[in-house]
Amino acid sequence: YALKAGLRPYLFHACNFYSSLKEFIEGSISFRYFLDRTSDDDSTFKGLTDFLKKKKIIFINHPDRAKKSNDKLVMHMEFINHKILVPYTVFLKPQEDSRVLELKVKSLPGIFVLKPTAGTSDARMVLDARSLDDVLKLREEYGNIPYLAQEKIIPVNLENKPAWFRMLYFLGEVIVCWWNPVTRSCDILTQAEIDSFRLSDLSSIMKKIARIVKLDFFFFTLP
């Protein structure tokens, strides 16, 4: 979309971060718009958004709004308050007693999903947890951080495709995609598929979420 509109994207990456920042400060490169996709997960980029706030940069997702939306617990409660259906979920606090953790885990129906409450990376997620042991293993690997444990929703099949959807919202436009959580690939649904499977409500749900999170660009996965 950017190239079609005559815009040239530039990627700040860990491998070119310091040289790119130097070129930006010196005026060798410049840009008007900035989308932050990693500073909450990668310490290399900490402070970059604060630095850019002092420049005449237009943020796609202002950092102050993005910070709130990156807290999955806060967003979970917002969705409940706005009557958006969410899976049964329990909050696993840091340094919580193992007996309390076990009671919470046992309240979940069967297989469940573990996701950290902060950040946007999927690296620290477990999609098929089954017991307290999975929680403890995850904390041993990534540290004693807060997690959400959610009931795993098994999607129905629509013409031999599991009804996993990844929906993208960008400045009022919604793009609905088939989503494969194993290969992490997606394909845009055609309007014919949306009509045939009666999925037009997905766009309405995304616009409702957009009013809650107040972001210019984000994605959301169902179920």
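**Entry 1: E10 and its partners**

I looked up Trp-178 and found its bridge partner in E11 to be Asp-187. I note here that the model is predicted. Strand E11 covers residues 185-188 and pairs with E10 in the antiparallel sense over 4 bridges. The two strands form a hairpin with 4 residues between them. In that turn I recorded a positive phi of about 55° for Arg-184.

I then turned to the partner of E10 in another hairpin. Strand E9 (residues 165-170) pairs with E10 over 6 bridges, again in the antiparallel sense. As one register point I noted Met-167, whose bridge partner in E10 is Val-176. Between E9 and E10 the hairpin leaves 2 residues, and Leu-171 in the turn has a positive phi of about 50°.

I also checked how far E10 itself is covered. Of the 8 residues in E10 (residues 173-180), 6 are buried. I entered one charge-ring contact: Arg-166 lies over the face of Trp-179, at 3.8 Å from the ring centre.

**Entry 2: the open sheet**

I traced an open sheet of 4 strands in the order E3-E6-E4-E5, with antiparallel pairing. Strands E3 (89-92) and E5 (126-129) stand at the edges with a single partner strand each, so one side of each is left without a neighbour in the sheet. On average, neighbouring strands of this sheet are turned by 25° against each other, direction ignored.

Within the sheet I followed E4 (residues 112-116) and E6 (residues 147-151), which pair over 5 bridges. Here I found Lys-115 opposite Leu-148 in E6.

**Entry 3: helix H6 on the sheet**

I next examined helix H6 (residues 132-142), which lies across E3, E4, E5 and E6 and runs at about 25° to E4. Which residues of H6 are buried? I listed Leu-132, Val-135, Leu-138 and Arg-139. These residues cover an arc of only 125° around the axis, which puts them on the same side of H6. I found that they pack against E3, E4, E5 and E6, and also against helix H5 (98-106). On the other side of H6, I noted Lys-137, Glu-140 and Glu-141 as exposed. Gly-143 follows the helix, and I recorded its phi as positive, near 100°.

**Entry 4: aromatic rings**

I counted 14 aromatic pairs in the model. I looked at Tyr-10 and Phe-12, an edge-to-face pair with 5.8 Å centre to centre and 75° between the planes. Tyr-10 is partly exposed at a relative accessible area of 43%, whereas Phe-12 counts as buried at 12% relative accessibility.

I then took up Phe-17 and Phe-45. Their ring centres are 5.1 Å apart and their planes stand at 70°; planes over 60 degrees apart count as edge-to-face, so this pair is given that class. Phe-17 lies in helix H1 (residues 17-26) and Phe-45 in the loop between strand E1 (33-35) and helix H2 (48-53), so the pair ties together parts that are 28 residues apart in sequence. Are these two rings buried or exposed? I entered Phe-17 as buried, with a relative accessible area of 5%, and Phe-45 as buried at 6% relative accessibility.

Finally, I recorded one aromatic cluster formed by Tyr-10, Phe-12, Phe-17, Tyr-18, Phe-24, Phe-31, Phe-34, Phe-45, Phe-51 and Phe-59.

Note on methods: Residues are numbered from 1 along each chain as its sequence is written. This is a predicted model: local features need pLDDT of at least 70, side-chain atom pairs count only at pLDDT 80 or more; totals for chains, interfaces and linings use all residues. Side-chain values use heavy atoms; hydrogens and water are left out. Two strands pair if DSSP finds at least two bridges between them. Axes are lines fitted to C-alpha atoms, for helices over the stretch in contact, and angles run from 0 to 180 degrees between N-to-C directions. Contact means heavy atoms within 4.5 Å. Buried means under 20% relative accessible area, exposed over 50%, partly exposed in between (1.4 Å probe, protein chains only). The arc is that of the directions from the helix axis to the C-beta atoms. Rings of Phe, Tyr and Trp (its six-membered ring) pair if their centres lie within 6.5 Å; planes under 30 degrees apart count as stacked, over 60 as edge-to-face and the rest as tilted. A charge sits over a ring if NZ of Lys or CZ of Arg is within 6 Å of the ring centre and within 35 degrees of the ring normal.
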